[in-house]
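Visitor: I should like to learn how to read several features of a protein model. Might we begin with the cysteines?

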Amino acid sequence: MIVELLLSGASYIVFDYFEKREFKEYKKEFDSIIERLPALKNNQGEKPYLVAYELEQYGYKIKFILPVGKTTDTLQNNFKVLKEGFKIASMHFVGQDGLITLYAIKDYNFKQFKPYKLKPNEILIGEFIGKNIIVDMNKFPHCLIGGDSGTGKSRLLFTILTNLINNSNRIELHLLQVRKNDLALFKNCYQVKSFSQSLEEVLESLQVIDKELQRREQLLDIEKGYLNISDYNKLSDKTLKYIYVVIEEFSFLNISRADSKEEKALKAECLKLIKSVVNVGRSSGVFLITSLQKPTNNSIPSDIKAQLTTRISMLIKDRPTSIVVLGDEAAVDLGDREFICRTKDTIKGYSMTIDFPEIKEYTKNSIIP
């Protein structure tokens with residue numbers, strides 16, 4: 001017993017010695033990097049102070065204290081220089097009361113998609129270090145997904161749709177796209193009530209959705225305590241399904257100079273009905289999810305964009321385009337399959353690995369023969 005205690009004590013001393021030595025060695029490197037970044041020093045010459053260092057599978061995690069007068073905005077403004085200084089592929093940081101936790105990503109192990117049980121008003125976006133990133137559409141309705149071609153927008157949208165379909169029979173999907181066929185993977189699922197591939201079909205689907213919106217507005221009786229769909233489902237003896245209107249590549253619905261007179265008329269009617277969804281859909285449980293490959297001020301009407309309270313962006317190399325989606329230039333610094341999800345807060349994460357075999361496996365029970 002005594003020998004075991006002595007061995008245990010000796011092991012702890014050795015481990016503690018190497019841990020402290022590792023911290024001291026990294027602190028020298030950390031201080032050297034910070035010394036080359038005068039923007040992180042305050043007027044008194046104080047600089048960030050390292051308090052913790054941990055090796056992780058993806059790289060390492062550090063904690064440091066920012067000097068008085070410096071905030072996370074300072075770190076964001078020096079994001080690229082910090083990333084180059086630490087010699088990492090990407091980094092994420094969270095801060096509170098001056099204490100910053102920074103995740104230094106050298107080689108990220110992308111997570112394979114598996115269904116995650118959620119409420120019908122919740123969507124699965126992706127994950128970060130084993131923690132799923134989820135958005136509640138009741139709180140942050142309507143979603144805009146942006147990013148350059150090949151950055152993973154489709155993978156992210158497939159994750160949302162596959163998880164919704166696998167999770168619940170309490171949802172309905174309307175899949176609307178023009179000139180593309182990506183969403184055809186889901187068209188035979190019983191949750192999918194319409195699958196449209198032309199302007200005429202898109203308009204027809206939106207007209208059906210608008211009628212349902214009007215019907216639900218009549219059901220939400222404030223005198224009975226039905227302020228929204230959540231109240232209605234709790235207090236009434238009936239249940240309303242959540243409806244997701246998914247528009248893949250919104251720019252195809254926006255009016256352009258090259259459109260014919262007929263196309264302009266069709267698009268104008270479609271846009272009018274989409275505005276109705278984003279303006280009154282929240283209380284009725286009707287949500288818009290749309291994506292844009294090259295978001296610009298001309299690719300989506302400003303009054304529609306303003307109502308999309310969940311913004312998700314993959315890498316966007318063009319700074320003005322990043323501003324269109326997120327309101328700032330943060331998307332230009334993103335790495336492979338990395339995204340920013342912005343609601344009330346800003347979260348960074350990674351898209352999951354999901355391809356045709358996973359989609360087929362996790363939607364097979366919903367396929368109508």
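Guide: The sulfur of Cys 143 lies 7.0 Å from the closest cysteine sulfur, that of Cys 341, which is too far for a bond. Please keep in mind that this is a predicted model.

Visitor: How many disulfides does the rule then give?

Guide: In general, a disulfide is a covalent bond between the sulfur atoms of two cysteines. The count here comes to zero, and the cut-off for a pair of sulfur atoms is 2.5 Å.

Visitor: Is Cys 143 buried or exposed?

Guide: Cys 143 has a relative accessible area of 0% and is therefore buried. Cys 270 also counts as buried, with a relative accessibility of 0%.

Visitor: How should one read aromatic pairs, and how many does the structure hold?

Guide: A pair of aromatic rings is described by the distance of the centres and the angle of the planes. The structure holds 17 such pairs. For Phe 128 and Tyr 350, the ring centres are 6.3 Å apart and the planes meet at 25°, so this pair is stacked. Because Phe 128 belongs to strand S5 (residues 122-128) and Tyr 350 to strand S14, the pair ties together parts that are 222 residues apart in sequence. Both rings belong to buried residues: Phe 128 has a relative accessible area of 13%, and Tyr 350 has a relative accessibility of 3%.

Visitor: Which aromatic pair is tilted?

Guide: One is formed by Phe 158 and Phe 186, with 5.9 Å from centre to centre and 55° between the planes. Phe 158 sits in helix H4 (residues 153-167) and Phe 186 in the loop between strand S8 (171-177) and strand S9 (192-196), so the pair joins parts 28 residues apart in sequence. Phe 158 counts as buried at 13% relative accessibility, as does Phe 186 at 0%. Elsewhere, ring pairs link Tyr 26, Phe 30, Tyr 53, Tyr 60, Phe 64 and Phe 86 into a cluster.

Visitor: What lies over the face of Phe 110?

Guide: Arg 337 does, at 4.1 Å from the ring centre.

Visitor: Finally, how much space lies in the largest pocket?

Guide: Rolling a probe the size of a water molecule over the atoms shows where empty space is left. The largest pocket holds about 740 Å³. Its lining has 23 residues, and Phe 93, Val 94, Thr 346, Ile 347 and Lys 348 lie nearest the centre. Strand S3 gives the largest share of this lining, five residues. By class, the lining of the largest pocket comprises eleven nonpolar, six polar and six charged residues.

Conventions
Residues numbered from 1 in each chain as written. Predicted model: local features only at pLDDT ≥ 70, side-chain atom pairs only at ≥ 80, totals over all residues. Heavy atoms only, no water. 1 Å grid on protein atoms, 1.4 Å probe; cavity = no way out; pocket = protein on both sides within 12 Å on 5 of 7 lines; lining within 4 Å. Points joined across faces, edges and corners; volume = space filled by probe spheres on them. Helix = DSSP H or I, 4+ residues; strand = E, 2+ residues; numbered from the N terminus. Nonpolar A, V, L, I, M, F, W, Y, C, P; charged D, E, K, R; others polar. Buried < 20%, exposed > 50% of the residue type's maximum accessible area, 1.4 Å probe, protein only. Phe/Tyr/Trp six-rings, centres within 6.5 Å; stacked < 30°, edge-to-face > 60°. Lys NZ or Arg CZ within 6 Å of the ring centre and 35° of its normal.
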